[in-house]
Amino acid sequence: MSVFNETDIDNSCINPYRLIGRNWFALTAAKDGKVNTMTAGWGGLGVMWGKNVCFVVVRESRYTKEFIDNTDTFSLTFFADTPANKKILGYLGSASGRDEDKIANASLTIDYHNDTPYITEGNMVYICKKLYRSPMPKECFIDAKIEPSWYKDGDYHDLYIGGITALLTKES
């Protein structure tokens with residue numbers, strides 16, 4: 001049986017560009033006793049306001065946004081870089097929790113760390129407390145190529161900064 005243990009974030013050594021941009025992650029939150037997740041491949045890890053933080057963006061149209069907006073915490077679950085996991089993450093990113101129980105349909109399991117849900121099939125989880133949210137409106141884009149390339153339909157992102165309260169890693 002695999003178990004997650006809290007890991008000292010100061011001793012972790014990861015490549016965030018590969019981890020986020022290539023491997024992707026599941027962004028998970030709870031609302032009114034329900035859990036929803038979505039795949040994300042944009043974001044970052046860093047330091048802000050003297051805290052270890054993550055930066056994530058969620059489009060207005062995403063069902064998971066309702067969950068993140070109505071809770072104080074969320075998780076980022078990272079998976080081993082395998083074709084099977086990429087397929088699961090592809091499904092989580094294309095199916096909507098409004099229409100189906102995509103977590104169950106993907107044969108995934110939810111567990112909780114201090115009331116914050118995460119996916120147990122992953123191998124590393126960041127537990128995060130919301131610190132900041134801001135819309136990303138059209139008029140704020142400085143590079144004129146970004147907005148027409150990524151937001152043709154007007155479905156803009158909100159930026160969230162979450163303070164990392166725990167890093168969980170899996171032991172077999």
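Helices and strands are here DSSP runs, numbered from the N terminus, with at least four residues for a helix and at least two for a strand. Counted that way, the chain in this predicted model has five helices and ten strands.

Let us start with the chain as a whole. Its C-alpha trace spans about 50 × 40 × 35 Å along the principal axes. For 172 residues, a compact globule would have a radius of gyration near 16 Å, and the chain agrees with this because its own value is 16 Å. Of those 172 residues, 41% count as buried. Contacts that reach across the sequence are well represented too: if you take pairs at least 6 apart in sequence, 73% of the contacts join residues at least 24 apart. On the outside, the chain exposes about 9300 Å², and carbon and sulfur atoms supply 50% of that area.

For a closer look at one residue, go to T7, which sits in strand 1 (residues 3-7). Is T7 buried or exposed? Neither label fits: its relative accessibility is 29%, and buried means under 20% while exposed means over 50%, so T7 counts as partly exposed. Setting aside neighbours within four places in sequence, T7 is in contact with L167 and T169. K31 offers another reference point: T7 and K31 are 24 residues apart in sequence, and their C-alpha atoms lie 27 Å apart in space.

Now let us turn to the empty space. Rolling a probe the size of a water molecule over the atoms shows where such space is left. The largest pocket holds about 260 Å³. It is lined by 13 residues, and those closest to its centre are M38, T39, A40, G41 and R62. Strand 3 (34-40) and strand 5 (51-59) are the elements that each give two or more residues to this lining. Sorted by class, the pocket lining has seven nonpolar, four polar and two charged residues.

Which residues line the largest cavity? They are N23, F79, A80, D81, T82, N85, K86 and L89. By class, this cavity lining divides into three nonpolar, three polar and two charged residues. The volume of the largest cavity is about 40 Å³, and the structure holds one cavity of 30 Å³ or more.

Technical notes:
Residues numbered from 1 in each chain as written. Predicted model: local features only at pLDDT ≥ 70, side-chain atom pairs only at ≥ 80, totals over all residues. Heavy atoms only, no water. 1 Å grid on protein atoms, 1.4 Å probe; cavity = no way out; pocket = protein on both sides within 12 Å on 5 of 7 lines; lining within 4 Å. Points joined across faces, edges and corners; volume = space filled by probe spheres on them. Nonpolar A, V, L, I, M, F, W, Y, C, P; charged D, E, K, R; others polar. Buried < 20%, exposed > 50% of the residue type's maximum accessible area, 1.4 Å probe, protein only. Contact = heavy atoms within 4.5 Å. Rg over C-alpha atoms; globule rule 2.2 N^0.38 Å. Areas by Shrake-Rupley, 256 points an atom, 1.4 Å probe, with all protein chains shown as cover.
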